[in-house]
Amino acid sequence: MSNEEKLEMITSYIKGNVAPLLIENISSDIFTRNAVILPADIDMKELDGHYEEINFLPPNWYQELQKYKEDNYCFLVISELSNLPKEEQLKFGEILKYKKVGVFDLPKNCVIIITGRNIKETISKEIYSMVAAI
C-alpha cells in the first residue's frame, strides 16, 4: 500500500473516530500539521507528568498537543515503536487504552498513530490488541 493510500485510509479512520492506529512502514515525517511526534525511546520522565512543589503537571509534549484541541483533529504520533523491546513498549499502554497520561485526558480530537516496521514480529501482543493495524 502506498503512502498516499495509507493517508486516505487514515483520513477515513479519523472521520470514523477509530483510534489508535498502527501503521506499518510509514515515516512519521508525513505528519507535519497538528502533530506531536514522540520517539518510541522517549524517557519515562519525559513521557509522564511531573511534580512542581505540590502540583502535578503534564509533560511538555502534552502541553504542545493542547494547542491543537480546537482544530478538527490532531495527531499524537509514537514513532518507530517496533525499535523497542516488547516489554518497554508497554509504557505507552495508558495512552493507548485510556487516551490519557496520568490524570490528563488527551484532547477529544486527538488521533493516536503508532509507526513501526515488521509489526507482527516486533509489536507486543498487549499493544497490538489495543490498535487498529493498517
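This tour moves through a predicted model, from the whole chain to its nonpolar cores and then to a handful of loop and helix residues.

**The whole chain**

Begin with the entire chain selected and coloured by secondary structure, which comes to 7 helices and 9 strands. The radius of gyration is 14 Å, close to the 14 Å that the globule rule gives for 134 residues, so the chain is as compact as a globular protein of that length. If you turn the C-alpha trace along its principal axes, the spans to look for are about 50 × 35 × 25 Å. Now colour by burial: 44% of the 134 residues count as buried. With the surface displayed, the accessible area comes to about 7,900 Å², and 47% of that area belongs to carbon and sulfur atoms.

Next, select the charged side chains, of which 15 are positive and 21 negative, with the centres of the two sets lying 5 Å apart. Before leaving this overview, consider the contacts between residues at least 6 apart in sequence, since 72% of these join residues at least 24 apart.

**The nonpolar cores**

Select Trp61, Leu76, Leu81, Phe92, Ile95 and Leu106, which are the residues with the most contacts inside the largest nonpolar core, a set of 28 residues. The elements that give two or more residues to this core are strand 2 (35-39), helix 3 (60-65), strand 5 (74-79), helix 5 (93-98) and strand 8 (110-116), and it is worth showing them together as a cartoon. A second, separate core of 12 residues can be picked out through members that include Ile10, Phe31, Val111 and Ile113.

Then centre the view on Trp61 and display its surroundings. Leaving aside residues up to four places away in sequence, Trp61 touches Val36, Leu38, Ile42, Glu46, Leu47, Leu76, Ile95, Val101 and Leu106. Among these neighbours, Leu76, Ile95 and Leu106 are also in the list of residues with the most contacts inside the largest core.

**Asn118 and Asn25**

Move to Asn118, in the loop between strand 8 and helix 6 (119-122). Asn118 counts as partly exposed because its relative accessibility is 46%. Its backbone deserves a look, for Asn118 has a positive phi of about 45° although it is not a glycine. Most residues other than glycine have a negative phi. With residues up to four places away in sequence left out, Asn118 touches Glu24 and Asn25. A distance drawn from the C-alpha of Asn118 to that of Ser82 should read 7.4 Å, although the two are 36 residues apart in sequence.

Follow the contact to Asn25, which lies in the loop between strand 1 (21-24) and strand 2. Asn25 is partly exposed as well, with a relative accessible area of 41%. From here, select Gln63, which is 38 residues from Asn25 along the chain, and find the two C-alpha atoms separated by 28 Å.

**Thr122**

Select Thr122 in helix 6. Its contacts, again without residues up to four places away in sequence, are with Ser82, Leu84, Lys86, Gln89 and Arg117. For one of these partners, Lys86, the C-alpha atom is 7.0 Å from that of Thr122, while 36 residues separate the pair along the chain.

**Two exposed loop residues**

Go now to Glu53, in the loop between strand 3 (50-52) and strand 4 (55-57). Phi of Glu53 is near 60°, a positive value in a residue other than glycine. Glu53 counts as exposed because its relative accessibility is 79%, where exposed means over 50%.

Finish at Glu70, in the loop between helix 3 and strand 5. Glu70, at 69% relative accessibility, likewise counts as exposed. As a last step, draw the C-alpha to C-alpha distance from Glu70 to Pro39, which is 25 Å for two residues that are 31 apart in sequence.

Definitions and conventions:
Residues numbered from 1 in each chain as written. Predicted model: local features only at pLDDT ≥ 70, side-chain atom pairs only at ≥ 80, totals over all residues. Heavy atoms only, no water. Helix = DSSP H or I, 4+ residues; strand = E, 2+ residues; numbered from the N terminus. Rg over C-alpha atoms; globule rule 2.2 N^0.38 Å. Buried < 20%, exposed > 50% of the residue type's maximum accessible area, 1.4 Å probe, protein only. Contact = heavy atoms within 4.5 Å. Areas by Shrake-Rupley, 256 points an atom, 1.4 Å probe, with all protein chains shown as cover. Lys, Arg positive; Asp, Glu negative; His and termini not counted. Charge placed at Lys NZ, Arg CZ, Asp CG, Glu CD. Core = buried A, V, L, I, M, F, W, Y, C linked by side-chain atoms within 4.5 Å.
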